[in-house]
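Here is a short report on side-chain pairings and surface features. Keep the sequence and the 3D view open while reading.

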Amino acid sequence: MLLIACPYCGERPEVEFAYGGEAHLVRPADPAALSDEDWAAYLYFRRNPRGLHAERWRHVRGCGRFFNAIRDTTNDRFGATYAVGEDPP
């Protein structure tokens, strides 16, 4: 079983968590000014890199809080977890 270190609760089994998508996305300052193609790109298209990737996770069956994680997509190992608003390690 994969263990994920919640920055608020400590290590817990993966079944307590839910993936929340790519981390550190910035919402457009003026969404109404975007073209349909640009708005669709913001909403639906994400990077899917091979290797280290910053992701958002939620401890659904624990504290309920969101946090960020650096995960290696090639082996599913978490390198670090950190609170939302903190800089990546």
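Arg 71 and Glu 55 meet through their side chains in a salt bridge, at 2.7 Å from N to O. This is a predicted model. Arg 71 belongs to strand S5 and Glu 55 to strand S4, so the bridge ties together parts that are 16 residues apart in sequence. Both ends are covered. Arg 71 counts as buried at 14% relative accessibility. Glu 55 is buried too, with a relative accessible area of 1%.

Arg 71 has another partner. A salt bridge joins Arg 71 to Asp 76, with the closest N and O atoms 2.7 Å apart. Glu 55, Arg 71 and Asp 76 are thus linked in a network of salt bridges. Asp 76 sits in the loop between strand S5 (66-72) and S6. Its relative accessible area is 36%; the cut-offs for buried and exposed are under 20% and over 50%, so Asp 76 is partly exposed.

The backbone of Asp 76 also deserves a look. Its phi is near 65°, a positive value in a residue other than glycine. Most residues other than glycine have a negative phi. His 24 is a further case, with a positive phi of about 65° although it is not a glycine. His 24 is placed in the loop between S3 and helix H1 (36-44). At a relative accessible area of 42%, His 24 is partly exposed.

**Salt bridges**

How many salt bridges does the structure hold? It holds three. The table lists them.

| Basic residue | Acidic residue | N to O distance |
|---|---|---|
| Arg 71 | Glu 55 | 2.7 Å |
| Arg 71 | Asp 76 | 2.7 Å |
| Arg 47 | Glu 22 | 4.0 Å |

Take the pair of Arg 47 and Glu 22, whose side chains meet at 4.0 Å. Arg 47 lies in the loop between H1 and S4, and Glu 22 lies in strand S3, so this bridge ties together parts that are 25 residues apart in sequence. Are its two ends buried or exposed? Arg 47 counts as exposed, at 56% relative accessibility. Glu 22 is buried, at a relative accessible area of 10%.

**A buried histidine**

Both residues of that pair also touch a histidine. His 53 is in contact with Glu 22 and Arg 47. Beyond its neighbours within four places in sequence, the contacts of His 53 also include Tyr 19, Ala 69, Ile 70, Arg 71 and Thr 73. His 53 is part of strand S4. With a relative accessible area of 6%, His 53 is buried.

**Aromatic pairs**

The structure holds four aromatic pairs. One of them joins Tyr 19 and Trp 57. Their ring centres are 5.5 Å apart and their planes stand at 75°, so the pair is edge-to-face. Tyr 19 is in strand S3 (residues 18-22) and Trp 57 is in strand S4 (residues 52-58), so the pair ties together parts that are 38 residues apart in sequence. Tyr 19 counts as partly exposed at 47% relative accessibility. Trp 57 counts as buried at 12%.

Trp 57 also pairs with Phe 78. Here the ring centres are 5.5 Å apart and the planes are at 65°, so this pair is edge-to-face. The pair links distant parts of the chain, since Trp 57 is in strand S4 and Phe 78 is in strand S6 (residues 77-83), 21 residues apart. Which residues do these ring pairs link into a cluster? They are Tyr 19, Trp 57 and Phe 78.

**Arginines over rings**

Two tyrosines each have an arginine over the ring face. Arg 65 lies over the face of Tyr 8, at 3.7 Å from the ring centre. Arg 46 lies over the face of Tyr 42, at 5.7 Å from the ring centre.

**A nonpolar surface patch**

Leu 43, Tyr 44 and Phe 45 form a nonpolar patch on the surface. Together they have about 380 Å² of accessible area. Phe 45 is in the loop between H1 and S4. At 59% relative accessibility, Phe 45 counts as exposed. That loop also holds Arg 47.

Technical notes
Residues are numbered from 1 along each chain as its sequence is written. This is a predicted model: local features need pLDDT of at least 70, side-chain atom pairs count only at pLDDT 80 or more; totals for chains, interfaces and linings use all residues. Side-chain values use heavy atoms; hydrogens and water are left out. Rings of Phe, Tyr and Trp (its six-membered ring) pair if their centres lie within 6.5 Å; planes under 30 degrees apart count as stacked, over 60 as edge-to-face and the rest as tilted. Helices (H or I, at least four residues) and strands (E, at least two) are DSSP runs, numbered from the N terminus. Buried means under 20% relative accessible area, exposed over 50%, partly exposed in between (1.4 Å probe, protein chains only). A charge sits over a ring if NZ of Lys or CZ of Arg is within 6 Å of the ring centre and within 35 degrees of the ring normal. Contact means heavy atoms within 4.5 Å. Patches are made of residues with over 30% relative accessible area and no salt bridge: like charges are joined within 9 Å, nonpolar side chains (Val, Leu, Ile, Met, Phe, Trp, Tyr) within 5 Å. Accessible areas come from the Shrake-Rupley method with a 1.4 Å probe; for residues, only the protein chains shown count as cover.
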